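Biologist: Mind walking me through this one? I'd like to go from the packing inside to a charged residue that caught my eye.

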Amino acid sequence: EDEELFLLTVRAIGRISRISLNRASEMIAISLEDSLRRLEDENSPDEHKKTAIYIVEEVAKNAPTTFRFYSQRFMAIVYGILEHPNENVRLKAAYTIDHILSMTRERIETHDIWGNAPKPLANLESLRFYENTYHNLKDGLDTDGAPLPLEKAHGYLTAFQILLSRGNDFVSPPNYTQ
C-alpha cells in the first residue's frame with residue numbers, strides 16, 4: 001500500500017511538470033534540485049535516493065524541456081546510480097538516460113519557427129553526447145579481469161541496451177564522417 005501511494009505521488013509530480021505555470025515550474029525545479037542533490041550525496045539514505053530517481057525520471061519523461069537544463073548534471077552522476085543495490089533505482093536511471101537520448105534526438109529533428117533545418121552543430125553535439133555516454137558505459141564495464149559486481153553489470157548493461165537501441169538515431173549516414 002505504501003509503495004502504491006509512493007508511485008501515485010511520483011506520477012502526480014510528473015504530470016504537474018507538464019504544466020507551464022510559474023508556480024508549478026518552481027515546484028518542479030525545487031524538486032529536481034533536491035532530487036539531484038540527494039543522488040549526488042553518497043551519504044543519502046537509499047530510500048531518499050529511490051524517491052529522487054523516481055522524481056527525476058518522471059520529470060525527464062513528462063517535461064523534457066524543463067529537464068534539459070538538468071540533463072548534464074544528471075549524466076555526471078548517473079554512473080554511480082547504475083550501481084545502486086535496488087534494481088528499480090538502476091532501471092529508473094537507465095530509463096532517464098533513454099529520455100535524455102530522446103530529447104537529444106528531438107533536438108536534431110527540430111526545425112526553427114521559420115522551418116529552417118537544425119544547425120549541423122546540434123547534430124555534432126548530439127553525436128558527441130551519444131559517443132561520450134557509450135564510452136563511459138563501456139569504461140564502467142571494464143574491470144581489467146576483476147569480477148564485476150552484479151548490480152553494476154545489470155545497471156550498465158541495461159543502460160547499454162537502451163543506448164544501442166537508439167544508436168540508429170545518432171549514427172546516420174551524415175554522421176558517419178563526423
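Biologist: Leaving aside residues up to four places away in sequence, which residues does Phe-74 touch?

Modeller: Keep in mind this is a predicted model. Contacts within four places in sequence are left out here. What remains for Phe-74 is Leu-36, Ile-53, Val-56, Phe-67, Ile-81, Ala-93, Thr-96, Ile-97 and Ile-100.

Biologist: How many residues does the largest nonpolar core have?

Modeller: Phe-74 is among those with the most contacts inside that core, along with Phe-67 and Leu-82. Helices α1, α2, α3, α5, α6, α7 and α8 each supply at least two of its residues. The core's count is 39 residues.

Biologist: Now Arg-90 in helix α6. Why does Arg-90 have no salt bridge?

Modeller: Arg-90 is buried, and the nearest side chain of opposite charge belongs to Glu-87. A salt bridge needs the nitrogen and carboxyl oxygen within 4 Å. Arg-90 therefore misses out, as Glu-87 is away by 5.0 Å.

Biologist: Which side chain makes a polar contact with the side chain of Arg-90?

Modeller: Outside its sequence neighbourhood of four places, Arg-90 touches residues including Ile-81, Pro-85, Glu-151 and Gly-155. The polar contact, at 2.9 Å, is with the side chain of His-154.

Biologist: And α8, residues 150-165: what does it reach from first C-alpha to last?

Modeller: Buried residues in α8 include Tyr-156, Phe-160 and Leu-163. The helix has 16 residues, and its reach is close to what is expected at 1.5 Å a residue. From first C-alpha to last, α8 reaches 22 Å.

Notes. Residues numbered from 1 in each chain as written. Predicted model: local features only at pLDDT ≥ 70, side-chain atom pairs only at ≥ 80, totals over all residues. Heavy atoms only, no water. Helix = DSSP H or I, 4+ residues; strand = E, 2+ residues; numbered from the N terminus. Buried < 20%, exposed > 50% of the residue type's maximum accessible area, 1.4 Å probe, protein only. Lys, Arg positive; Asp, Glu negative; His and termini not counted. Polar contact = N/O pair within 3.5 Å; in protein donor to acceptor, adjacent residues only side chain to side chain. Contact = heavy atoms within 4.5 Å. Expected span 1.5 Å × (residues − 1). Core = buried A, V, L, I, M, F, W, Y, C linked by side-chain atoms within 4.5 Å.
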